[in-house]
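Let's take a friendly look at how two protein chains meet each other and how they meet DNA. Keep the picture open as you read.

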Protein chains: 2
Amino acid sequence: MKKKSNIKDVAKLAGVSFKTVSRVINNEDTVKGDTVKRVKEAIETLNYQPNNAARNLAGSKAYALGYVYDNPNAYYVLDAQNGILSECRDRGYELVIHPCSATNDNIVDELATMVKRSQLAGLIISPPLSEMPDVLAALDELNIKYIRIISAAHVDDMKSPCVCIDDQNAAFEITEHLIKQGHKHIAFLRGDEGHGSSHERKHGFLNALASNNIETNPSYLIDGSYSFEFGVDAAKQLLALKNPPTAVFCCNDEIAAGVLFAARLQGIDVPNQLAIAGFEDSPFSRQTWPKLTTAAQPTNLIARTAASSLIQHLSQLKLAKGSQAESPKLYFRPTLVVRESTEHVLEDPHE
Amino acid sequence: MKKKSNIKDVAKLAGVSFKTVSRVINNEDTVKGDTVKRVKEAIETLNYQPNNAARNLAGSKAYALGYVYDNPNAYYVLDAQNGILSECRDRGYELVIHPCSATNDNIVDELATMVKRSQLAGLIISPPLSEMPDVLAALDELNIKYIRIISAAHVDDMKSPCVCIDDQNAAFEITEHLIKQGHKHIAFLRGDEGHGSSHERKHGFLNALASNNIETNPSYLIDGSYSFEFGVDAAKQLLALKNPPTAVFCCNDEIAAGVLFAARLQGIDVPNQLAIAGFEDSPFSRQTWPKLTTAAQPTNLIARTAASSLIQHLSQLKLAKGSQAESPKLYFRPTLVVRESTEHVLEDPHE
DNA sequence: CTAGCATATGACAGCGTTGTCATTGTTCGG
DNA sequence: CCGAACAATGACAACGCTGTCATATGCTAG
């Protein structure tokens with residue numbers, strides 16, 4: 001490896017003190033345009049890269065974020081991770097990823113240790129950990145900064161910054177879509193108890209039924225988990241009913257894929273005999289036949305926004321020390337994606 | 001946040017010099033058992049965490065690895081990432097992840113920059129980047145250390161350490177399984193050109209046919225990509241043949257899922273009319289009906305082993321400076337997993 | 001009893017930056 | 001034309017640790 005050049009080499013080449021180079025690197029505005037240019041050229045020729053370790057050590061700022069997740073969905077995690085990573089790269093931050101188990105009792109210690117070891121400026125926390133009040137309170141206690149990605153149509157709590165996914169209204173929209181297709185007998189398969197999104201989506205569903213004066217059939221509401229297997233089991237249960245539903249709204253695409261398979265097993269035609277909608281727009285939803293109607297959330301962008309917002313929030317905190325910096329709240333609404341699995345307008349199924 | 005304790009606080013509490021604490025942290029063996037104990041207690045009470053940035057800066061060692069990948073398969077990537085991460089945690093290393101595009105011309109610069117910025121001790125490179133000689137040569141040139149995860153039954157090149165996946169023999173095994181079921185007309189759907197695994201698996205397949213004296217039908221061999229869509233298209237093509245195959249061996253589970261869907265679309269019974277085998281044992285393979293026969297590779301363990309091996313190799317290099325340290329080569333063979341998609345013994349299909 | 005050596009520990013510089021404060025050069029009002 | 005205020009830059013300590021070398025202590029052999 002070519003001898004690594006450091007800040008002093010750059011300074012020598014540019015004919016300035018190394019402190020001035022430091023100023024240029026950090027975009028401080030007290031350096032003359034002329035000097036800036038010379039320094040930047042020197043950086044270019046030497047192919048200089050500032051040493052993150054030294055920056056961290058010397059500065060009071062930290063140049064790393066942590067991404068904390070406990071999520072079985074590989075697509076989601078990777079998408080989010082990539083979003084955060086691009087923001088970090090743009091801003092010159094490092095990213096430390098931390099998969100973990102939300103049910104671990106020592107989770108707070110675990111996080112605190114990581115924050116200290118790696119000198120993290122803040123954490124980005126995704127569900128379900130981001131929806132566990134105990135954990136969040138403990139982090140506040142330790143004065144660890146974070147931003148949450150959560151499922152919520154509206155947030156009262158003014159304390160911590162968060163990025164909200166308006167699952168409720170998106171679910172409302174999907175349900176209305178099914179209703180417009182003529183469905184009155186719609187089942188809802190809910191995901192994990194511990195995930196806020198499960199409940200938000202269910203609310204949206206129930207709201208849509210209510211506002212369209214459709215009565216809720218209790219045997220159409222099944223609680224389960226975000227898994228293919230649950231979809232299969234629940235579908236069997238539904239299809240065995242005396243009066244089976246004509247449409248199923250599944251809390252995510254994986255469940256929907258399960259329902260689809262169970263339906264096909266029984267020779268049921270989708271969407272003509274049974275319409276199926278999912279949620280998430282995962283690759284899953286495009287790799288079934290027929291393709292699934294679903295709601296698309298821009299996970300990459302959401303995560304990226306979270307990172308960006310966290311970084312900004314942190315620097316505001318630094319400036320406005322003491323005075324209460326406002327916690328940003330951002331909202332994203334997943335958008336309806338209509339595909340073949342619901343493309344059939346019902347005539348008169350039950351009567 | 002409680003004032004962070006540093007190495008000197010620990011030293012004061014334990015009544016030793018801070019250098020001794022450093023020794024304990026680094027498991028050096030010149031410290032008396034008694035002292036070690038006292039220091040460890042002090043570390044415990046103060047909840048001390050060594051500062052990684054300072055360690056990196058001060059030491060000649062680097063305490064971070066990079067994981068470089070360009071892979072569309074989320075399950076694979078996440079699995080590998082988790083494996084590497086657990087090894088890193090155990091050894092006190094940081095992990096810097098670096099998704100990238102193998103087709104990017106500046107990829108080497110990109111990697112070099114990252115290595116410098118983040119002071120990486122070495123890289124873990126997965127396919128297809130790990131199979132691009134140009135890139136590897138450039139890294140050698142820059143004296144950047146790495147370990148590769150590649151698809152190979154045997155490696156001659158003694159230069160760089162690698163973890164090899166014996167896809168070829170695993171594919172041989174799957175093919176023999178199909179042959180034992182009575183199949184003589186077996187198609188092979190190959191994945192991406194740029195992935196060594198595609199070719200290795202194809203070799204294994206062809207070898208198995210040859211060693212069982214089965215003639216290869218050229219129209220049964222289709223090259224494509226590791227995607228669901230390819231599976232669908234190729235299946236249509238195969239099923240339209242005058243003499244369609246009775247079994248299909250797909251280069252991965254995603255392709256197999258595509259074939260399965262295309263088959264069901266045409267009302268073809270799997271496995272009774274058509275046997276399908278995949279490769280990889282991704283969650284995909286368990287979420288189809290029928291479930292897919294496949295080959296399981298312990299991705300997590302493989303990646304973990306790669307990390308471990310890289311770390312060990314690096315410290316050997318450090319010791320045996322100048323003298324040529326041997327490059328470790330490790331082999332993993334994916335194992336056959338038989339499921340419903342091939343569970344049917346053929347009677348006499350074609351005659 | 002002491003030179004000689006191994007074992008255990010300490011003192012101190014230095015890693016590459018940023019933060020703080022000092023210094024220089026420059027402009028402007030009176 | 002002078003002093004004050006400001007803009008641009010530099011000098012140097014400090015960050016928390018590791019590497020190197022020096023020192024203290026205990027032990028063995030002659």
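The report below goes through the protein interface and then the surface near one DNA strand.

Please remember that this is a predicted model.

Start with the place where the two protein chains touch. Chain A brings 43 residues to the contact, and chain B brings 44 residues. The size of an interface is often given as the accessible area lost when the parts come together. Between chain A and chain B, the buried area is about 4,700 Å², with 56% of it coming from carbon and sulfur atoms. The rule finds 17 residue pairs in polar contact across this interface, while the count of salt bridges there is zero.

Which elements give two or more residues to chain A's side of the contact? They are helix H4 (52-58), helix H5 (74-91), strand S2 (94-99), helix H6 (107-117) and helix H11 (253-265) of chain A. H5(A) gives the largest share of that side, eight residues. Sorted by class, chain A's side holds 21 nonpolar, 15 polar and seven charged residues.

Now turn to DNA strand D. It is surrounded by 28 residues, and the closest are Thr20(A), Thr35(A), Ile7(B), Ser22(B) and Tyr48(B). Of the atoms of DNA strand D that come within 4 Å of the protein, 61% belong to sugar and phosphate.

The table lists polar contacts made by a backbone N or O atom.

| Residue | Partner in DNA strand D | Distance |
|---|---|---|
| Leu57(A) | base oxygen | 3.5 Å |
| Ala58(A) | base oxygen | 3.2 Å |
| Ile7(B) | phosphate oxygen | 2.5 Å |

Helices H2 (18-25) and H4 of chain A, together with H2 (18-25) and H4 (52-58) of chain B, each give two or more residues to the surface near DNA strand D. The residues of that surface divide into eleven nonpolar, ten polar and seven charged.

Methods:
Residues numbered from 1 in each chain as written. Chains lettered and ligands numbered in written order. Predicted model: local features only at pLDDT ≥ 70, side-chain atom pairs only at ≥ 80, totals over all residues. Heavy atoms only, no water. Contact = heavy atoms within 4.5 Å. Buried area = accessible area lost by both parts, 1.4 Å probe. Salt bridge = Lys/Arg side-chain N within 4 Å of Asp/Glu carboxyl O. Polar contact = N/O pair within 3.5 Å; in protein donor to acceptor, adjacent residues only side chain to side chain. Helix = DSSP H or I, 4+ residues; strand = E, 2+ residues; numbered from the N terminus. Nonpolar A, V, L, I, M, F, W, Y, C, P; charged D, E, K, R; others polar. Near = heavy atom within 4 Å.
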